[in-house]
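Reader: I have a structure open in front of me and would like to learn how to read it. Could we go through it together, feature by feature?

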Amino acid sequence: MSKKENDFFVLMKENAQLICESSLVLKEAVKDPTTFPVKMKELIDLEHRADDITNKIIDNLNKTLVTPMDREDLYSLATNMDDIIDFIQGALERMIMYKATPPHSGVEELIRVLDDCIHIIKISVDNLPSIRTKLKLILENTEKIHKLESEGDRLYRSEVGKLFENESNPIEIIKWKEILEHLEDATDRCEDLALVIKGVVLKYV
């Protein structure tokens, strides 16, 4: 593998690490809402760093003749990872903007599912340079993410149902529903990313 080909994997690993760090920041934030402003600054910094890496990947795609996998696959991997961080940041941003504290238990549960997905994604991305020897692991990981995403969907529907059943203030319903949607969208992106990884694995082995 040439240095330019390897650069793509290095950058994707860096982005996967930033997603893990972003998920950790969100987990820590909801445990103590007084830290929201500080955690928001941390997330903004992580999101900017992730944007820079995504832009480097796209620039390299435009400059490199030979890539380690199809260009559209690399592009999808990069943009889906970037979207995950955007949704994480958006969820905390809305908690701050709407003064949505303390977080509902369902929010913490969705964050747990999202964090599990993200750590599995990181393992898969880290092993992409060794697709042929890590085939079984990566495919098992995509199935795990699919199951977690289904769990996230169930949690989202359950929590929205509870909002309409137990909350009399329509403004509270609107703001918590939007926060839940951002977290659910992030888990959806995790599954989208897992499907891209699965497609890459099946294509190149």
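Author: Gladly, and please keep in mind from the start that this is a predicted model. We can begin with a helix and then turn to the core and the charged pairs.

Reader: How many residues does helix α2 have, and what should they span?

Author: Helix α2 runs over residues 36-63, which makes 28 residues, and at 1.5 Å a residue these should span 40 Å. The C-alpha atoms at the ends of α2 are 40 Å apart, so the expected span and the modelled one agree.

Reader: Which residues of α2 are buried?

Author: A general idea helps here: an α-helix has 3.6 residues a turn, so residues three or four places apart point the same way. In α2 the buried residues include Phe36, Lys39, Met40, Leu43, Leu46, Glu47 and Ala50, and further along the helix also Ile53, Thr54, Ile57 and Leu61. You will notice that the list holds Lys39, Glu47 and Thr54 beside residues such as Leu43 and Ile53.

Reader: What is Tyr75 in contact with, leaving aside its neighbours within four places in sequence?

Author: Tyr75, which is found in helix α3 (residues 71-97), is in contact with Ile58 and Leu61 once those neighbours are left aside. Tyr75 is itself partly exposed, with a relative accessible area of 42%. The C-alpha atoms of Tyr75 and Thr54 are 8.8 Å apart in space, although the two residues are 21 places apart in sequence.

Reader: Which residues touch the most other members of the largest nonpolar core?

Author: In soluble globular proteins, nonpolar side chains tend to be buried together. Here the largest nonpolar core has 64 residues, and Met12 and Leu183 are the ones that touch the most other members. The elements giving two or more residues to this core are α1 (3-31), α2, α3, α4, α5 and α6. Leaving out residues up to four places away in sequence, Leu183 touches Leu26, Ala91, Val107, Leu110, Ile111 and Leu114.

Reader: Is Leu114 buried or exposed?

Author: Leu114, in helix α4, has a relative accessible area of 1%, and it therefore counts as buried, since the cut-off is under 20%. Apart from residues up to four places away in sequence, Leu114 touches Ile88, Leu183, Ala186, Thr187 and Cys190. By contrast, the C-alpha atoms of Leu114 and Gly161, which are 47 residues apart along the chain, are separated by 20 Å.

Reader: How many salt bridges are there?

Author: The count comes to 18 salt bridges. One of them joins Arg112 and Glu151, whose closest N and O atoms are 2.6 Å apart. Arg112 lies in helix α4 (residues 105-126) and Glu151 in helix α5 (residues 135-166), so this pair ties together parts that are 39 residues apart in sequence. Arg112 is partly exposed at 30% relative accessible area, and Glu151 is partly exposed at 24%. Arg112 and Glu151 also belong, with Glu109 and Asp116, to a network of salt bridges.

Reader: Where do Glu172 and Lys175 lie?

Author: Glu172 and Lys175 both lie in helix α6 (residues 170-204), three residues apart, which is about one turn of the helix. Their side chains meet in a salt bridge, with 2.7 Å from N to O, and Lys175 is buried, with a relative accessible area of 11%. Helix α6 also holds Glu181 and Lys177, four residues apart and separated by about one helical turn, and these form a salt bridge whose closest N and O atoms are 2.6 Å apart. Glu181 is partly exposed at 27%, as is Lys177 at 25%.

Methods: Residues are numbered from 1 along each chain as its sequence is written. This is a predicted model: local features need pLDDT of at least 70, side-chain atom pairs count only at pLDDT 80 or more; totals for chains, interfaces and linings use all residues. Side-chain values use heavy atoms; hydrogens and water are left out. A salt bridge is a side-chain nitrogen of Lys or Arg within 4 Å of a carboxyl oxygen of Asp or Glu. Buried means under 20% relative accessible area, exposed over 50%, partly exposed in between (1.4 Å probe, protein chains only). The expected span of a helix is 1.5 Å times one less than its number of residues. Contact means heavy atoms within 4.5 Å. A nonpolar core is a set of buried Ala, Val, Leu, Ile, Met, Phe, Trp, Tyr and Cys residues joined through side-chain atoms within 4.5 Å.
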